[in-house]
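Colleague: Take me slowly through the salt bridges in this one, please. I'd like to know what sits around them too, so don't hold back on the setting.

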Amino acid sequence: MSPRHNRPRGGGNPADRPEPGSGSGPGGLDRFGLEHTEEYQGEEWKVRHVAGASAAGKRYRCPGCDQEIPSGTPHLVAWPEYGGVDDRRHWHKACWNAKDRRTSRVQRSRNAPKY
């Protein structure tokens, strides 16, 4: 058995490969939490992927499906480009991707908590 090599496969010149953390991951997103900009409801929104591990014990409610995002679940945070900290919303990734196909107002049941 040959020893394990800790270098990426695929050949090519290593200088031509993108640097880690340069925002060139799958789909143009960086897997290290850097944000990008998307358009939603006629304005620019900043979007950042969150691993969820650092939010132990915190509860968030997704505005797309009105369901709770369990603690430790990977999700994303979106806020208007010129908004403040209070404008940040935590979304399930699938809900953010389907935001344009959903109705504008999700009705919460009477027994649902309001956080």
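Modeller: Let's agree on the term first: a salt bridge here is a side-chain nitrogen of Lys or Arg within 4 Å of a carboxyl oxygen of Asp or Glu. Searching the whole structure with that rule turns up 3 salt bridges. Do bear in mind that you're looking at a predicted model.

A quick map will help. The protein has 6 strands and 1 helix, and along the sequence they run β-β-β-β-β-β-α. Of the 115 residues, 25% are buried. About 8900 Å² of surface is exposed, with carbon and sulfur atoms supplying 48% of that.

Start with Arg-48 and Glu-35. Their closest N and O atoms are 2.3 Å apart. Arg-48 sits in strand β2, while Glu-35 comes from the segment before β1 (36-40), so to speak a partner 13 residues away, and the pair links distant parts of the chain. Is this pair buried or exposed? Somewhere in between: Arg-48 counts as partly exposed because its relative accessible area is 32%, and Glu-35 is partly exposed too, at 35%.

Now go to Glu-38 and Lys-99, whose closest N and O atoms are 3.6 Å apart. Glu-38 lies in strand β1 and Lys-99 in the segment after α1, so this bridge ties together parts that are 61 residues apart in sequence. The two ends have different settings: Glu-38 is partly exposed at 24% relative accessibility, whereas Lys-99 is buried at 10%. The cut-off matters here, because buried means under 20% and partly exposed runs from there up to 50%.

Both of those acids also show up around Val-47. Leaving aside neighbours within four places in sequence, Val-47 is in contact with Glu-35 and Glu-38, and its other contacts include Leu-34, His-36, Leu-76, Val-77, Ala-78 and Trp-96. Val-47 is itself a member of the largest nonpolar core, which has 11 residues. Several of its contacts belong to that core as well, among them Leu-76, Ala-78 and Trp-96. The rest of the core is made up of Tyr-40, Trp-45, Tyr-60, Cys-62, Ile-69, Trp-91 and Cys-95. Strands β2 (43-50) and β5 (75-80) and helix α1 (93-97) are the elements that each give two or more residues to this core.

The remaining bridge joins the side chains of Arg-59 and Glu-68, at 3.7 Å from N to O. Here Arg-59 is exposed, at 53% relative accessibility, and Glu-68 is partly exposed, at 30%.

There's also a charged residue that misses out. Arg-61, in strand β3 (residues 60-61), is buried yet has no salt bridge. Which side chain of opposite charge is nearest to Arg-61? That would be Asp-66, at 4.3 Å, and a pair has to come within 4 Å to qualify, so this one isn't counted. What the Arg-61 side chain does reach is the backbone oxygen of Asp-66, at 2.6 Å.

Asp-66 deserves a look of its own. You'll find Asp-66 in the loop between β3 and β4 (68-69), and at 13% relative accessibility it counts as buried. Its phi is near 60°, a positive value in a residue other than glycine. Most residues other than glycine have a negative phi.

Gly-64 is in that β3-β4 loop as well, and it is buried, with 4% relative accessibility. Gly-64 and Ala-98 are 34 residues apart in sequence, yet their C-alpha atoms are 8.2 Å apart in space.

One more loop glycine, for contrast: Gly-83, between β5 and β6 (89-91). Gly-83 is partly exposed, at 26%. From C-alpha to C-alpha, Gly-83 is 9.5 Å from Lys-46, although 37 residues separate them in sequence. For the chain as a whole, take the contacts between residues at least 6 apart in sequence: 47% of them join residues at least 24 apart.

Methods. Residues numbered from 1 in each chain as written. Predicted model: local features only at pLDDT ≥ 70, side-chain atom pairs only at ≥ 80, totals over all residues. Heavy atoms only, no water. Core = buried A, V, L, I, M, F, W, Y, C linked by side-chain atoms within 4.5 Å. Buried < 20%, exposed > 50% of the residue type's maximum accessible area, 1.4 Å probe, protein only. Helix = DSSP H or I, 4+ residues; strand = E, 2+ residues; numbered from the N terminus. Contact = heavy atoms within 4.5 Å. Areas by Shrake-Rupley, 256 points an atom, 1.4 Å probe, with all protein chains shown as cover. Lys, Arg positive; Asp, Glu negative; His and termini not counted. Polar contact = N/O pair within 3.5 Å; in protein donor to acceptor, adjacent residues only side chain to side chain.
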